[in-house]
Amino acid sequence: MIQSETLELLEWHRLCQHLSTFAATKLGAIVARDLPIPATLEESKELLAQTKEIYQLESRLTPGLSFDGIKDIGDSLERAELQGILSGEELLAIATTLYGARNIRRLIENQEDVPILTELVSDLRTYPELEQEIHRCIDERGQVTDRASQKLGEIRDNLRSVRSQITRKLQNIIQVKSNALQEQIITQRGDRYVLAVKAPQKDAIPGIVHDTSTSGATLYIEPNSIVQMGNQLRQAVKREQAEEEIIRRKLTEQIADVTPDLEKLLAIITTLDLAAARARYSFWLGANPPRFIDPQEQEIITLRQLRHPLLVWQQKHEQGNSVVPVDLIISPHIKVVTITGPNTGGKTVTLKTLGLAALMAKVGLFIPAREPVEMPWFSQVLADIGDEQSLQQSLSTFSGHIRRISRILDAISEGTAEEAREQGAGSRGEDFFPVTNHQSPVTNHQNLVLLDEVGAGTDPAEGSALAIALLKYLADHTLLTIATTHFGELKALKYEDVRFENASVEFNEATLSPTYRLLWGIPGRSNALTIALRLGLKAEVIETAKTQVGESTDEVNQVIAGLEAQRKSQETKAAEAEKLLKQTEKFYREVSQKAATLQEREKDLRASQEVAVQKAINEAKGEIAQVIRSLQKGKPTAQDAQKATEAINKISGKYQPAAPAPKPKPGFMPKVGDRLRIPKLGQTAEVIGAPDGDGELTVRFGIMKMTVQLQDVESLDGQKAEPINKPKAAPVTPTPTPALTIRTSKNTIDLRGKRVADAEYILEKALSEAAGPLWIIHGHGTGKLRQGVQTFLQQHPRVSHYESAEQADGGTGVTVAHVG
């Protein structure tokens, strides 16, 4: 009973009503309006996980999770199970629900990071064959279709034929007896076709009168000539209705056979709709997911910028005032918080806000607070808020509070006893330790108790004594208690018991109005005299009251006022520091943005330079190709090769920009097989001859071999070669650059049209005579000849390696074999 009272006091039903407006289905809205509260932490975690996954899913999908086609088919399933016959509309609703459920399952299964939802829909059976059968038999208006059965099609063909005959017969009568008719139209009375005949001329069209106009001037007569056809039509309609009922009965029986699965489907869809409603309501509130903390881990309750959800609704939908958030940061050793301060200052709203936040977390809703949101899972939320005065039950304000508090204590005892029974088996045989000061004699049940104006409504001395005793009891038996009070004695509990904490609602003495902000660590002043003055009470009465308060009270109020002033000063400095921090962050973002812009500009510049370099390389390659083609014309001589080398060096100087020499890195000594860079030529080469005593080494790049000096080469990472410290008797004349190896008719063989075996014989002979690279023309064809040639070259001992020729020399249709 007390838990139901608590939900009523916290206006939980209003929050559920707001939640129901975010449901997409009728059944989801019904369940949301009477939302069940989980009894275990595991259930709450499951609901919260569902909310998180749908929240993430809807943030990724533009239309969100669609529940189109889902209907409330619960009553239809129940009637089908009781062997009733469902209407066409009910059958169509079941078909559209199956289709909608299948779409939801497909959408969820296509997502990768929603394991809870995927498991939820894994057992969802949507019976597509049943859906197709319903759509075959029932049209979009809920009517049985002609194709539902052959017999029904024949009956309807007969119906259309009879109606056509009746219509033709009546049209003939209208043409012949038009003067006797009030209107030249065919109408119906009941299921009979009639004509509107003028009353004085009723004998002109003999038949059965089925109706009369209000004035009596018109008679609606079924001519005798169509009475027999009307009877046939009525009989055909009866046969049609009977056949339609047979079809709907068969469909209903198919549904009844799978009713358990369809009921489970409806439950799963409703669960998904509720989760979607929680996610959408949480998004609308600007809320964040809570994390349930373990009281045994000594974690802090953290609820920053907590807002009352009903006040948020009032602000957005009813043009209410802006919501003032509160901060609730409660250390794990705190068991009781007493909130003091003036009336209308927001004490009761703070209680309700915390109570609703605890319930919202339990049902899987996000909390309207700033991240991180961390709070315990409360097994019970129990509240005594407001005045339970009742003339009917002869209850005073004090009696009403005491009755409700008694029910709260009973609920705590029952919960604690139940927990003790659950732990009893494990506790038997353990050693008994006496309870020390400020320790609960039994394990604390995870209850949240909210008390408004505790101890009020009776003699202040006795009321405060009762309040102190009650709060100490609750400190021993509950996880957290929040109480509002005006008793000064309760403010001193903090200094006697470490489990108690003070908080107060702020009051602006300049405007004589509350600010609704919650201040921690400082007891509040009731400011009753100040508020009375603001409300219009005579000043002389206020002055007299001040003389009655006493000097000690004045001193306490002055101390509290001093503490409040000090707190305001600290808050002002903190605000200034936060402002400075925001400016620093802004400057940091601007600098980071400029740095990113510069990096992007540098990247673009580098890209343009690479394009320019690539263009120069392509032009140089073209000029080199021209030199090679000129050498290939006729029989090249050593003089021609020397000219070609000079031409290439000239091209290298033209396209290779002079770069500043990098800082030498001593210690590099090239070895055979190493790859190095020749800066003067802008080429990388392979070492095929180690450096000699004169510091010369032989390298190869492409088809060229040449001798270079150690000081003219460097490693790929920029290291200069270590010089050879060997005295030289006389200066050595530099070795002339060897001639380029040029493709001629002597070092080129044509194997096109040859078989692989014949080609191998020719190759063997050519390789034995070759002193340098050998160009082998095999063409493209089927590729078998090229494959055979390259396999032969790969196994030949004289061939160091082979490669496809340059594009100008035939590309992949020519293979160049390098003889070592």
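This passage describes the fold, the nonpolar cores and one helix of a predicted protein model.

The protein contains 22 helices and 23 strands. Of its 820 residues, 41% are buried. The exposed surface amounts to about 45,500 Å², and 51% of that area comes from carbon and sulfur atoms. When contacts between residues at least 6 apart in sequence are considered, 68% of them join residues at least 24 apart.

The largest nonpolar core comprises 61 residues. Within this core, the residues that touch the most other members are Trp12, Leu303, Ile367, Leu450 and Ile482. Helix α13, spanning residues 347-362, gives the most to the core, contributing eight residues. Beyond its neighbours within four places in sequence, Ile482 is in contact with Leu450 and with the adjoining entries Val449 and Leu451. Further contacts of Ile482, under the same exclusion, are made with Ile330, Val337, Ile339, Leu351 and Leu354. Another core, of 43 residues, lies apart from the largest one, and its members include Ile54, Ile70, Ile73 and Ala95.

Helix α22 covers residues 784-795. At 1.5 Å a residue, the 12 residues of this helix should span 16 Å, and the value agrees with the model because the end C-alpha atoms of α22 are 17 Å apart. The buried residues of α22 are Leu785, Gly788, Val789, Gln790, Phe792 and Leu793. These buried residues pack against helix α21 (756-769) and against three strands, namely β21 (774-777), β22 (799-804) and β23 (814-819).

Technical notes: Residues numbered from 1 in each chain as written. Predicted model: local features only at pLDDT ≥ 70, side-chain atom pairs only at ≥ 80, totals over all residues. Heavy atoms only, no water. Helix = DSSP H or I, 4+ residues; strand = E, 2+ residues; numbered from the N terminus. Buried < 20%, exposed > 50% of the residue type's maximum accessible area, 1.4 Å probe, protein only. Contact = heavy atoms within 4.5 Å. Areas by Shrake-Rupley, 256 points an atom, 1.4 Å probe, with all protein chains shown as cover. Core = buried A, V, L, I, M, F, W, Y, C linked by side-chain atoms within 4.5 Å. Expected span 1.5 Å × (residues − 1).
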